[in-house]
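Biologist: I'd like to learn how to read a structure like this one. Could you walk me through a few features?

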Amino acid sequence: MNQQIVLGDLVLSPPLAMAPMVGLSHSALRTLVLELGGVGLLFTEMLSVKRLPSESELSPFLMRSPEERPLFYQLVVGRDQEVLPAVERLHKLDAQGIDLNLGCPAPKLKQLGAGCALRSDVDAVRRLVRELRRATSLPLSAKIRLGRNLDEVALLEFCRMLEGEGLDLLTVHGRLDGEKFCRRPHWDWIGKVKAGLGIPVIANGGIFTVQDARACLEQSGADGLMIGRGAACKPWIFAEIARELYGVVQPSAAPDPAQVYFRFIELLHERFRPERRLGRLKQFTHLFGIGFPFGHHLAIAIQNCTTMGEAEQQAELLLERIVG
Ligand SMILES: Cc1cc2nc3c(=O)[nH]c(=O)nc-3n(C[C@H](O)[C@H](O)[C@H](O)COP(=O)(O)O)c2cc1C
């Protein structure tokens with residue numbers, strides 16, 4: 001098993017990444033996961049190339065502490081949108097890498113011709129990756145799904161094109177464009193990509209436990225793993241996988257889930273303006289609650305709160321009972 005991914009001077013060790021997720025992959029969750037250990041690569045949520053050049057560094061999208069590294073900024077690029085000003089901005093922001101979103105099937109992105117809609121125009125993707133490659137010497141990665149249907153020839157041709165244009169790393173979410181998260185991911189299909197490429201491949205989709213991580217690595221032969229929702233369900237999942245599969249000794253054994261939850265609240269206070277906190281707490285709690293038998297009670301209670309103070313009171317009342 002690969003112990004690390006090396007991209008020029010950058011070493012990702014252990015090769016475990018926290019996924020880009022709108023509303024979740026922000027400074028607070030990235031910091032929480034880093035503190036708990038085991039994560040080797042962080043991503044921002046997808047950032048619009050149009051807005052990025054003028055976005056404030058204090059915005060929830062760009063807010064970042066110096067400890068949050070290595071951090072790849074994910075770009076979402078629509079049809080005919082300019083990318084160079086966004087790349088220049090990322091150089092100033094001390095990005096460790098740039099990721100291109102070629103996998104998101106959200107209708108809003110489809111309208112823009114971005115995400116997996118961009119992928120359907122292979123020549124446009126080729127031009128874009130070529131332009132990005134010329135514009136930066138930072139590691140360049142992309143994130144894809146398997147495509148519209150399971151077509152090995154088309155999938156490999158597309159991925160080899162990306163590699164040929166200078167991509168350094170590819171993440172494959174093992175689902176088709178239209179497949180819902182409740183469907184089992186096709187980890188074996190990630191293996192077909194891995195076998196056909198020379199660059200490192202990270203496998204993503206449906207990893208919530210150490211057993212999932214082991215099975216995904218066995219079926220895909222991938223160089224590393226990316227975890228999305230599992231990072232909010234169990235922010236210590238990276239530490240568990242790092243310990244069990246990569247032999248990395250973590251600072252703490254099993255963390256207290258209530259303490260983890262309150263640390264997340266503390267980080268929301270530290271990193272975001274008051275009006276930005278509650279929505280992000282609700283989104284996080286929706287997933288965090290899934291990890292516990294009566295966790296939905298917490299998620300519903302927090303969902304109904306109108307202030308952070310109220311949410312903290314509800315958490316004080318319910319958490320010990322639910323996670324204890
Ligand atoms: C709330 C949410 C927001 C997401 N936002 C993004 C995004 O900004 N960019 C992206 O490439 N994928 C995004 N995704 C997809 C995840 O990165 C990941 O591919 C997907 O959740 C499957 O991994 P998982 O099963 O570990 O969650 C998002 C997923 C969720 C649940």
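Biologist: Which residues of helix α10 are buried?

Modeller: A general idea helps here: an α-helix has 3.6 residues a turn, so residues three or four places apart point the same way. In this predicted model, helix α10 spans residues 237–246, and its buried residues are I237, F238, A239, I241 and A242.

Biologist: What covers the buried residues of α10?

Modeller: The cover includes strands β3 (16–18) and β10 (224–227), along with helices α1 (27–36), α8 (210–220) and α9. After α10 comes G247, with a positive phi near 65°.

Biologist: How should I think about the largest nonpolar core, and which residues have the most contacts inside it?

Modeller: In soluble globular proteins, nonpolar side chains tend to be buried together. Here the largest nonpolar core has 100 residues, and M18, L75, I98, A203, L225, I227 and F238 have the most contacts inside it. Helix α14 (residues 308–323) gives the most to this core, six residues. Domain 1 (5–246) and domain 2 (257–323) both contribute residues, so the core lies between them.

Biologist: Is D151 buried or partly exposed?

Modeller: Count its neighbours: D151 has 13 C-beta neighbours inside 10 Å, so D151 counts as partly exposed. You will find D151 in the loop between β7 (140–144) and α6 (152–164).

Biologist: And what surrounds the ligand?

Modeller: There are 22 residues around the ligand, and A19, M21, M46, G228 and R229 are the closest. Strand β4 (42–48) and helix α9 (229–233) each give two or more residues to this shell. By class, the shell has nine nonpolar, 10 polar and three charged residues.

How values were computed. Residues are numbered from 1 along each chain as its sequence is written. This is a predicted model: local features need pLDDT of at least 70, side-chain atom pairs count only at pLDDT 80 or more; totals for chains, interfaces and linings use all residues. A residue is near a molecule or strand if its C-beta atom, placed from the backbone, lies within 6 Å of it. Helices (H or I, at least four residues) and strands (E, at least two) are DSSP runs, numbered from the N terminus. Ala, Val, Leu, Ile, Met, Phe, Trp, Tyr, Cys and Pro count as nonpolar, Asp, Glu, Lys and Arg as charged, and the others, Gly among them, as polar. A residue is buried if 20 or more other C-beta atoms lie within 10 Å of its own, exposed if 12 or fewer, and partly exposed in between; C-beta atoms are placed from the backbone. Two residues are in contact if their C-beta atoms, placed from the backbone, lie within 7 Å. A nonpolar core is a set of buried Ala, Val, Leu, Ile, Met, Phe, Trp, Tyr and Cys residues joined through C-beta atoms within 7 Å. Domain bounds come from an automatic or database domain assignment.
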